[in-house]
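Me: Could you take a close look at one part of this structure for me, namely the charged side chains that meet along a helix, and then show how the rest of the chain is arranged? I am in my first year, so please go through it step by step.

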Amino acid sequence: MNKTQRGIMSSLLVVVTVTCVLVSRAECLTSTTPTPLNSCKAFSTCDSCIQNPKCLWCMTNDTCTDYPVSYILPPPAVCKLSQARWGVCWVNFEALIIAMAVLGGTIIISITVCCCCCCCCKKRQSGPDRDEERFARKREEIRQRADERKVERKVRHDDIRKKYGLVPDSDHPYSKFENE
């Protein structure tokens, strides 16, 4: 597991923990403190109301009402989103929705970026990169030019050696005389 995958896993763990704390707190508390099965109207405080996940606390008129399960979000006739409390008393429903949307968007973007990075990394590992090919061609061109210059130097040096008779099998008039 590489660093990116570990980062994603730890982010997901944080998201699950935050979600459990913000949204499911009431469900966690109901297992330890049983609430009566009667109507939510029996609760008189926000803390007692939100312990039951089926109840919604409205700060406008300080009442606990049954959560309208036929709707995803409570309609304005029940309670305004900015005044509705569910899960925790210190976060209004509007802020909860925005926070969850931002968190969900961040997770989706993170997963997309990680997938793209993984695909790009595999693509790069499969063959040489354009830059590597360009550098290899430049190195080869430089080596060929160096070899050509080396051959030219050798020819010039041989000509100079012939001129001054330093080449052993030379017919040049200035060649060295051998002892006979």
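Reply: Asp147 and Arg143 both belong to helix H5, where four residues of separation amount to about one turn of the helix. In this predicted model, the two residues form a salt bridge whose closest N and O atoms are 3.0 Å apart. Arg143 also meets the side chain of Glu140 in a salt bridge, at 2.3 Å from N to O. Because Arg143 and Glu140 are three residues apart in helix H5, which covers residues 130–163, about one helical turn separates them.

It is worth asking how covered these side chains are. Arg143 counts as partly exposed at 43% relative accessibility, Glu140 counts as partly exposed at 33%, and Asp147 is partly exposed as well, with a relative accessible area of 35%. These labels follow from the cut-offs, since a residue is called buried under 20% and exposed over 50%, and partly exposed in between.

Helix H5 holds another pair, Arg161 and Asp158, which lie three residues apart, again about one turn of the helix. Their side chains meet in a salt bridge of 3.1 Å, taken from N to O. Arg161 is partly exposed, with a relative accessible area of 37%, and Asp158 is partly exposed with 26%. Salt bridges with shared partners, in turn, join Glu140, Arg143 and Asp147 into one network. A search of the whole structure finds five salt bridges, among them the ones described here.

To place this helix in the chain, it helps to read along the sequence, where the pattern is α-α-α-β-β-β-α-α, a total of five helices and three strands. The three strands form an open sheet in the order E2-E1-E3, with antiparallel pairing. Its edge strands are E2, residues 63–66, and E3, residues 84–85, each of which pairs on one side only. Strands in a sheet pair through backbone hydrogen bonds, and the pairing may be parallel or antiparallel. Strand E1, residues 55–58, pairs with E2 over four bridges; Leu56 has Thr65 in E2 as its bridge partner, while Cys55 stands opposite Asp66 in E2. E1 and E2 make a hairpin with four residues between them, and Asp62 in the turn has a positive phi of about 50 degrees.

Aromatic side chains come next, and here a search of the whole structure finds two aromatic pairs. In one of them, Tyr67 and Trp86 are tilted, with 6.0 Å from centre to centre and 45 degrees between the planes. This pair links distant parts of the chain, as Tyr67 is in the loop between E2 and E3 and Trp86 is in the loop between E3 and H4, 19 residues apart. Both Tyr67 and Trp86 are buried, and together with Phe93 they form one aromatic cluster.

A nonpolar patch on the surface is formed by Ile72, Leu73 and Ile97, with about 280 Å² of accessible area together. Ile97 is found in helix H4, residues 93–126, and is partly exposed, with a relative accessible area of 31%. For the protein chain of 180 residues, 19% count as buried, and the chain exposes about 14,100 Å², of which carbon and sulfur atoms supply 61%.

Technical notes
Residues are numbered from 1 along each chain as its sequence is written. This is a predicted model: local features need pLDDT of at least 70, side-chain atom pairs count only at pLDDT 80 or more; totals for chains, interfaces and linings use all residues. Side-chain values use heavy atoms; hydrogens and water are left out. Helices (H or I, at least four residues) and strands (E, at least two) are DSSP runs, numbered from the N terminus. Buried means under 20% relative accessible area, exposed over 50%, partly exposed in between (1.4 Å probe, protein chains only). Accessible areas come from the Shrake-Rupley method with a 1.4 Å probe; for residues, only the protein chains shown count as cover. Two strands pair if DSSP finds at least two bridges between them. Patches are made of residues with over 30% relative accessible area and no salt bridge: like charges are joined within 9 Å, nonpolar side chains (Val, Leu, Ile, Met, Phe, Trp, Tyr) within 5 Å. A salt bridge is a side-chain nitrogen of Lys or Arg within 4 Å of a carboxyl oxygen of Asp or Glu. Rings of Phe, Tyr and Trp (its six-membered ring) pair if their centres lie within 6.5 Å; planes under 30 degrees apart count as stacked, over 60 as edge-to-face and the rest as tilted.
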